[in-house]
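This briefing is intended for a reader who is meeting the structure for the first time. Please keep the sequence and the model at hand while reading.

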Amino acid sequence: DGVVASEKVKSNDLDVKIPESELETEEKGTEEEPTRESDGNILDVSLDYPRDKHISIQRHLSDLEKLADLGEDKKEPCPLCPEEKFKACYSHKLRRHLQNLHWKVSVEFKGYRMCICHLPCHPVKPNLVGDQTVSKMGAHYHCIICSATITRRTDMIGHINRHVNKGETESRFITVRAPPTEVVKESATEVQVLPNHSTPQKTDSYFNPKMKLNRQLIFCALAVLAEERKPIECLDAFGATGIMGLQWAKHLRSSVKVTINDCNENSVTVIKENCHLNKMKVKLNVKEEGNDETGGDGEDNTGTIEVTKMDANVIMHLRSFDFIHLDPFGTSVNYLDSAFRNVRNLGIVSLTSTDISSLYAKAQHVALRHYGCNIVRTEYYKELAARIVIAAVTRAAARCNKGIEVLLAVALEHFVLVVVRVLRGPSTADDSAKKIRYLLHCQWCEERIFQKEGNMVEENPYQELPCDCHGSMPGRTAVLLGPLWSGALFNAGFLRRMLLEAVQYGLDEVQPLLKTLICEAECTTLKHFSTHGPVDENKQEECGVYIKTSNTSAESYLIHGKRKGEDVPRGGAAKRHRAELSAEHPAFYYNVHRHSLRGMNMPKLNKFLTYLSQAGYRVSRTHFDPMGVRTNAPLAQFKTVLLKYSTPTYTGGQGEGPVHLPGDAPVGEEAAAAAGVKAEDAEFGGEEGPGVAAVCARSSPARRAAD
C-alpha cells in the first residue's frame, strides 16, 4: 500500500470522527510507544524534522499538543492560529481547541494528518502540481508532498489524489534534510554552492561561472576608486553567495569596508558560511546586540565583512556608500532611485542588467515598459542596449539632483554592465540630462544619427540622415528610437588605471577586454596602444580635488595624497594628445559583413582599418561586435573604401588588392599600407579568409539595392 492513499482520503465524507478511546490513548503516553517504521516514503515521526516541513503536519494529536507546550498554571497561544484569532488560554481550553478546530478537520495521508492552519503563511513557490497561492490566507492546508497551500478541504483531498494518480507519493521534504554542497574557487576565493546553483529560480545560492569577466571588471573599478580615497564603504546589494564582496575584502583588505546584503534568509546564511570558509570576520546587523561580531575558524582573519538581511532599496535609503553594485535577476531599474539617493559625491554606481531579451530588442514591449524606450533590432543592438541603460541611470540620477560621468559600458552575451561616477549638483544633472536624445535610424541602409538638440520641430526629419534612402525608396524608411544616451561610453584614463590594477592583481582574463576598451575609447587601433596614457602636467589641487586648468584632461577626481606622475609629452605631441582626448569616440559602429558587397571578397579587417584611417577617418575595433568598426566616417564613405580594397570573387582570392576606380591611390602606397598592418594581424591572430565575404554578402534584395 506504499502508493495508495488511505481510505479516509479517498472518501467524500468530510466530517472525520475520532473515537474517544483513541483520543485518550493518544493523550496518555504516545511518546513512550515505539515509532512505527515506514517503508521509506513516510516522514520521521519525531519532532526533529527538517524546518521546511510545516508544523501543521503531524502524526498524533499529542505531537500537536507538544508544540503548544501545555502547562497547568500558565496561558499558552495556539501554534496554528494568530493571536488576533485565538488568544492565549489555559491548557484544558487549548487542548479542546486543538482537537475540535484543527485535528478533526484534518486530511490524512500515510499516517500523517495535515491539520488546518490559520497562520498568515508566506507564499510558496509554484510547482507543477500545486496551485498558485496568495500572500495572506485564511484557513488553509499545507500539502505534505509538494508544500503547496490549499484553502478548502475538498480541494486538498483532490490535490492528494492527483499526486497519487501520478505516482508522486514520496514527500519532497526528505530530499532537503541535508542538501549536498560543493566548493567553487574563483580568484583565490572559495564559496559553497548547491548543485543547482546555476538556476536562479530554484536555488538560494545562485552562482554563474560565466559572469567571471563581469566580476573582474567591477573589482578593477573598485580598486581604482580605492586608490583615490581610503577607506571606502562599498555595498554588494544582491549578495547571493557573497563571492563578489568576498573578493573585494580579500584582495583590497583595509582599503574597503564591505557590506553584503540579501533579502533571502537562506542566502544570508550561505554568505556567513562562506565568510568563515575564507577566514573572514562577520559583522552582523547593529540590531543584533550582544553578538556583533564573530570570527572564522582560523586565526588569520584578513578582514571584516558586514552581512545584512533587508531589501536592497531599504539599505540604500538608510545608509550612504562610496561604491554600490546592483546585480538583480533581470532589470535593475527598480533600484536606481534608491542607489542615487545616498551615494556620496564622486562615488561610483555599477549595475549589471541581465534582461537581455528586452535590451537586445527581442522583447520590445518589455523594453518600452521597463526603460520607456522604443527600439528595433539593428546591427549595433548591443551598443543600443548600453545606451538604453545609461539613459535610465541618467534620469534616476537627475531626479536626485545628481549628474553622471560614464566610466565604461560593456555589453556581452549574458549581461550589460554600466559603471558611472556620480557628480552632485543640479548643473551637472542638467548637463547629463541634455545628453539624452532620440536617434534617427534608417531601416533600409542602417544609417543612424542623433537628433539635434533643441525643441523645434524639423520640417523634414529625413534631411538629418546622411543617406538618401527616403528619396530613392518608396514609403517611410526611417524610425525614431529612444530616448538614448548620446554621450561617451568610456573614460580612457579610468580604463587605463583599471588595466594597471588588473595587471597588479593578476587578472589575466580581463586584460584583453580592457585593452580593447581603451582602444575603443580613444578610437585607435591596437598597434598604437600604449599602457602609458597621456597625463596632463598642469593639474592644480584644491581641497583634495584635482581641478581643471587650460591644459587639463577630462578627469577631475577626489584623490587623497599624491600620485606618481608619468612621462608627459611636450610640444606638438602634447597638443596632439590633448586634441585626441577632447574628441569623444564616434557613436555606434558598422559591421563589415553587413555592408560587404555581393560578389566581392573584402580585405582583412585589420588592413581595412588601416585603409580607412589613411582616408582621414578615426577608426577602431569594438568589443560589442568582433566584426564591427567604430568610425566617424559616413556610411557612404565606409562603403566606398570597402569597395575600393575588395577583390572579385571569381579570382579565388589569390591576390588581394584594390578594385581600380577613378582616383585610386598609387600601388606603392597600397603596398606600404599592407606592410604596415602585418604586426597588427599577428597580434589579433588568424583573421577571416578572403572568401568569407562571399558567404556573408548574401543580403536581401532591399539591402543590395541600398548598396
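The points below cover sheets, helix packing, a salt bridge and backbone features. The model is a predicted one. It contains two open sheets to be described here, one with the strand order β18-β17-β19 and another with the order β1-β3-β2. Three helix pairs are then treated: α6 with α7, α16 with α17, and α19 with α20.

**The sheet β18-β17-β19**

- This open sheet has 3 strands, and their pairing is antiparallel.
- Strands β18 (448-450) and β19 (478-485) stand at the edges with a single partner strand each, so one side of each has no neighbour in the sheet.
- On average, neighbouring strands of this sheet are turned by 25° against each other, direction ignored.
- Strand β17, which covers residues 436-442, pairs with β19 in the antiparallel sense over 6 bridges.
- Within this pairing, I436 has W485 of β19 as its bridge partner.
- Helix α13 (residues 381-399) packs on the sheet and touches β17, β18 and β19. The direction of α13 makes about 50° with that of β19.

**The sheet β1-β3-β2**

- This is an open sheet of 3 strands, with antiparallel pairing.
- Its edge strands are β1 (57-58) and β2, each of which pairs on one side only.
- Strands β1 and β3 run antiparallel and are joined by 2 bridges.
- I57 stands opposite M114, a residue of β3.

**Helices α6 and α7**

- Helix α6 spans residues 212-228 and helix α7 spans residues 243-252. Their axes come within 11 Å and cross at roughly 40°.
- The angle lies outside the range under 35 degrees that counts as roughly parallel, and α6 and α7 are therefore oblique to each other.
- The crossing of α6 and α7 is right-handed.
- From α6, the residues N214, R215, I218, F219, L222 and A223 make the contact, and from α7 the residues I243, M244, Q247, W248, H251 and L252.
- The residues of this contact of α6 with α7 comprise 8 nonpolar, 3 polar and 1 charged.

**Helices α16 and α17**

- Helix α16 (residues 492-504) packs against helix α17 (residues 511-522) at an angle of about 165°, and their axes are 9 Å apart.
- Angles over 145 degrees count as roughly antiparallel, and this description therefore applies to α16 and α17.
- The crossing of α16 and α17 is left-handed.
- On the α16 side, A492, L495, R496, M498, L499, A502 and V503 take part, and they meet Q511, L514, K515, L517, I518, A521 and E522 in α17.
- By residue class, the contact of α16 with α17 holds 10 nonpolar, 1 polar and 3 charged residues.

**Helices α19 and α20**

- Helix α19 (residues 605-614) and helix α20 (residues 635-644) have axes 10 Å apart and pack at an angle of about 120°.
- Helices α19 and α20 are therefore oblique to each other.
- The crossing of α19 and α20 is right-handed.
- F608, Y611 and L612 of α19 meet F638, V641 and L642 of α20.
- The residues of this contact of α19 with α20 are 6 nonpolar, with no polar and no charged ones.

**Salt bridges**

- The count of salt bridges comes to 18.
- One salt bridge joins the side chains of R421 and E228, at 3.0 Å from N to O.
- This pair links distant parts of the chain, with R421 in strand β16 (residues 416-424) and E228 in helix α6, 193 residues apart.

**Backbone features**

- The peptide bond from K230 to P231 is cis, and its omega is near -15°. P231 lies in the loop between α6 and β8 (232-236).
- A cis peptide bond also runs from G482 to P483, with omega near 10°. P483 is found in strand β19, an edge strand of the sheet β18-β17-β19.
- K110 has a phi near 55°, which is a positive value in a residue other than glycine. K110 lies in the loop between β2 (107-109) and β3 (112-114).

Conventions. Residues are numbered from 1 along each chain as its sequence is written. This is a predicted model: local features need pLDDT of at least 70, side-chain atom pairs count only at pLDDT 80 or more; totals for chains, interfaces and linings use all residues. Side-chain values use heavy atoms; hydrogens and water are left out. Two strands pair if DSSP finds at least two bridges between them. Helices (H or I, at least four residues) and strands (E, at least two) are DSSP runs, numbered from the N terminus. Axes are lines fitted to C-alpha atoms, for helices over the stretch in contact, and angles run from 0 to 180 degrees between N-to-C directions. Contact means heavy atoms within 4.5 Å. Angles under 35 degrees count as roughly parallel, over 145 as roughly antiparallel, 65 to 115 as roughly perpendicular and the rest as oblique. A crossing is left-handed if the near helix is turned anticlockwise from the far one by less than a right angle, and right-handed if clockwise. Ala, Val, Leu, Ile, Met, Phe, Trp, Tyr, Cys and Pro count as nonpolar, Asp, Glu, Lys and Arg as charged, and the others, Gly among them, as polar. A salt bridge is a side-chain nitrogen of Lys or Arg within 4 Å of a carboxyl oxygen of Asp or Glu.
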